[in-house]
Amino acid sequence: MLSVTFLGTSAARPTVERNVSAMALVREGETLLFECGEGTQRQMMRYGVSFALSEIFFTHFHADHFLGVIGLIRTLGLQTRAEPMVLYGPKGAKKVLGQAIQLGVERVPFGVDIREVKPGDVIGSDNGNGAPRTAYQIQVFGTEHGGGSVGYALREHERSGRFDPDKARAAGVPEGYLWGKLQKGETVDLADGRKVSAEGIVGAKRPGRVVVFTGDTRPCAAVIDAAQGADLLIHEATFGEEEKERAKETGHSTAREAAQVALAAKARRLVLSHVSARYSISADELVKEAREVFKETIVAKDGMTIEVPFAD
Ligand SMILES: [Zn+2]
Ligand SMILES: [Zn+2]
């Protein structure tokens, strides 16, 4: 199972309807948090997101994306947590997050490891907690938001091909542990001395799922590259077409621009988030503008959960 839950979908400041940026990604029981705007911990409680997480990924350090880490870390500290926490962010993370962690008089009773990442980095083998990350990796890509911002793409490893039981039987392989070996792509030895390879019985490897989270950005080639064929692209769409100049000036995207990125990347679905306060109650206009370019578009709302199924 892979799903994302939007905890905050408002740009720059919270509104009555929407909190500032944060999104939880839950994959096979593991929770990853992307951004942690002010008030994120309460949004987690409201929308049933586990506090048992060990990694938070930040795209940049505008206040609406990270102030919530101050309170969240304190609350985790009250919960007799012992496991370390890893915070990832672009250049400047050590300074900004380091200050956020140290603010106040309480001591954080668990280790907090702040890791600076840059475009091209692959956050691969371990989750910072020593636990192996065997089924997916997180790729860091550059975004355009006025200095050093990044986005993150979660890519699952390829899955084995589909096993065809009829073909296995036809090849004389009896049902049982030999089928399991074939499924893993191994060649099996039969009792009569024949060898049967997985080829033809097990189909081609199938792609894993890809979820891309841009954070704040202008539409750009690096996002299009990172989001090639993505199952889910979560792209900021702060403004509508009538404010496209303002989007350019402030390093943000319009809904239509986000849709053009999704189209160019041949993504399967687009979710718009980080919307300006004027769209807080209704973002229908943003969806309409985006759908003219890319049909599979919706706009996120606080508390919305989206499942990401396999393409096949
Ligand atoms: Zn922002
Ligand atoms: Zn920003």
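Two strands count as paired if DSSP finds at least two bridges between them, and strands (E, at least two residues) and helices (H or I, at least four) are DSSP runs numbered from the N terminus. This is a predicted model, where local features need pLDDT of at least 70, side-chain atom pairs count only at pLDDT 80 or more, and totals for chains, interfaces and linings use all residues. Residues are numbered from 1 along each chain as its sequence is written, chains are lettered from A and ligands numbered from 1 in the order written, and side-chain values use heavy atoms, with hydrogens and water left out.

**Exercise 1.** Work out how strand E2 sits among its partners.

*Solution.* Start with E1 (residues 2-8): six bridges join it to E2, antiparallel. Thr5 has Ala24 as its bridge partner in E2. Next, five bridges join E2 to E3 (residues 30-34), again antiparallel, and Met23 stands opposite Phe34 in E3. Finally, five of the six residues of E2 (residues 22-27) are buried (under 20% relative accessible area, 1.4 Å probe, protein chains only), so E2 is largely enclosed by the rest of the structure.

**Exercise 2.** Find the protein donors of the zinc ion (ligand 2) and see what they link.

*Solution.* First, list the donors (N, O and S atoms within 2.8 Å of the metal, or 3.2 Å for Na, K and Ca): His60 (NE2), His62 (ND1), His145 (NE2) and Asp216 (OD), 2.1 to 2.3 Å away. Then check the spacing, H-x1-H-x82-H-x70-D. His62 lies in the loop between E4 (55-57) and H2 (63-66), and His145 in the loop between E8 (136-142) and E9 (150-156), so the pair ties together parts that are 83 residues apart in sequence. Lastly, His145 is buried at 7%.

Key. Buried means under 20% relative accessible area, exposed over 50%, partly exposed in between (1.4 Å probe, protein chains only).
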